[in-house]
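Visitor: I am new to this structure and would rather see one part well than everything at once. Please pick a single part, look at it closely, and then lead me outward from there.

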Amino acid sequence: MESREHKVTTYNPREGIYMVKSPIRISGTGNNVYTLPLNNKSCSCEKWQTYTLPCSHVLAVCRENGSRTETYVPEIYSRQTYRRTYQANFHPVLSENFWRDVPFNLTFYPPNMKKERGRK
């Protein structure tokens, strides 16, 4: 019978280093072992470092040791930050008919697409 959950196989809780084994998938992939120095907020799968959000291996460790996943999510993704972002009133931009005239003209020229001869 195949397991669908990550297994925290070995760990050193004093130093915050965990080993997580991924489940075998139907396709035959998986069954990989990842090292997770939790205190460094990194995982050998590198998803945590790339996306700044905890990967599934972090969630497995949190499930195993009972810690809260919110601890490892950056403040920018918190509910408090979301609420602060949208607490101000937003006013819609009116159509161009309501725009004021400006005391200057904006002229846009197409970029020079002509290729120069020779190597750059």
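Guide: What follows is a close look at the paired strands, and then a walk from there to the pockets and the aromatic rings.

This is a predicted model, in which local features need pLDDT of at least 70 and side-chain atom pairs count only at pLDDT 80 or more, while totals for chains, interfaces and linings use all residues. Residues are numbered from 1 along each chain as its sequence is written, and side-chain values use heavy atoms, with hydrogens and water left out.

Begin with strand β1, residues 7–12, which pairs with β2 in the antiparallel sense over five bridges. Strands here are DSSP runs of E with at least two residues, helices are runs of H or I with at least four, and both are numbered from the N terminus; two strands pair if DSSP finds at least two bridges between them. Within this pairing, Lys7 has Lys21 of β2 as its bridge partner. The hairpin that β1 and β2 make has four residues between the strands, and Gly16 in this hairpin takes a positive phi near 75°.

Strand β2, residues 17–21, is also joined to β3, again by five bridges and again antiparallel. Here Ile17 is matched with Pro37 of β3 as its bridge partner, and Met19 stands opposite Thr35.

The side chains of both strands alternate. In β2, Tyr18 and Val20 point to one face and are buried, whereas Ile17, Met19 and Lys21 point to the other face and are not. Strand β3, residues 33–37, follows a similar pattern, with Tyr34 and Leu36 buried on one face, and Val33, Thr35 and Pro37 turned to the other and not buried. Buried means under 20% relative accessible area, exposed means over 50%, and partly exposed lies in between, for a 1.4 Å probe and protein chains only. Leu36, which belongs to strand β3, counts as buried because its relative accessibility is 0%. Although Leu36 and Met19 are 17 residues apart along the chain, their C-alpha atoms are separated by 6.1 Å.

The loop between β2 and β3 contains Pro23, which is buried because its relative accessible area is 17%. Pro23 and Lys7 are 16 residues apart in sequence, yet 7.6 Å apart in space, C-alpha to C-alpha.

Pro23 and Tyr34 also help to line the second largest pocket, together with His6, Ser22, Arg25, Gly30, Asn32, Cys45, Lys47, Ser56 and His57. On a 1 Å grid over the protein atoms alone, a pocket is an open set of points where a 1.4 Å probe fits, with protein on both sides within 12 Å along at least five of seven lines, and lining residues have an atom within 4 Å of a point. This pocket has a volume of about 150 Å³, a volume being the space filled by probe spheres set on the points. Its lining divides into three nonpolar, six polar and two charged residues; Ala, Val, Leu, Ile, Met, Phe, Trp, Tyr, Cys and Pro count as nonpolar, Asp, Glu, Lys and Arg as charged, and the others, Gly among them, as polar.

The largest pocket, of about 210 Å³, is lined by residues including Arg68, Glu70, Tyr77, Ser78 and Gln80. Three nonpolar, two polar and four charged residues make up its lining. The side chain of Ser78 makes a polar contact (a pair of N or O atoms within 3.5 Å, one able to donate a hydrogen and the other to accept it) with the side chain of Thr81, at 3.0 Å. Thr81 is found in helix α3, residues 79–85, and counts as buried because its relative accessibility is 14%.

A search of the whole structure finds three aromatic pairs, meaning rings of Phe, Tyr or Trp (its six-membered ring) whose centres lie within 6.5 Å, with planes under 30 degrees apart called stacked, over 60 edge-to-face and the rest tilted. The ring centres of Tyr82 and Tyr86 are 5.1 Å apart and their planes stand at 55°, so this pair is tilted. Tyr86 also forms a tilted pair with Phe90, at 6.2 Å centre to centre and 45° between the planes. Ring pairs thus link Tyr82, Tyr86 and Phe90 into a cluster. Tyr82 and Tyr86 are exposed, and Phe90 counts as exposed because its relative accessible area is 60%.
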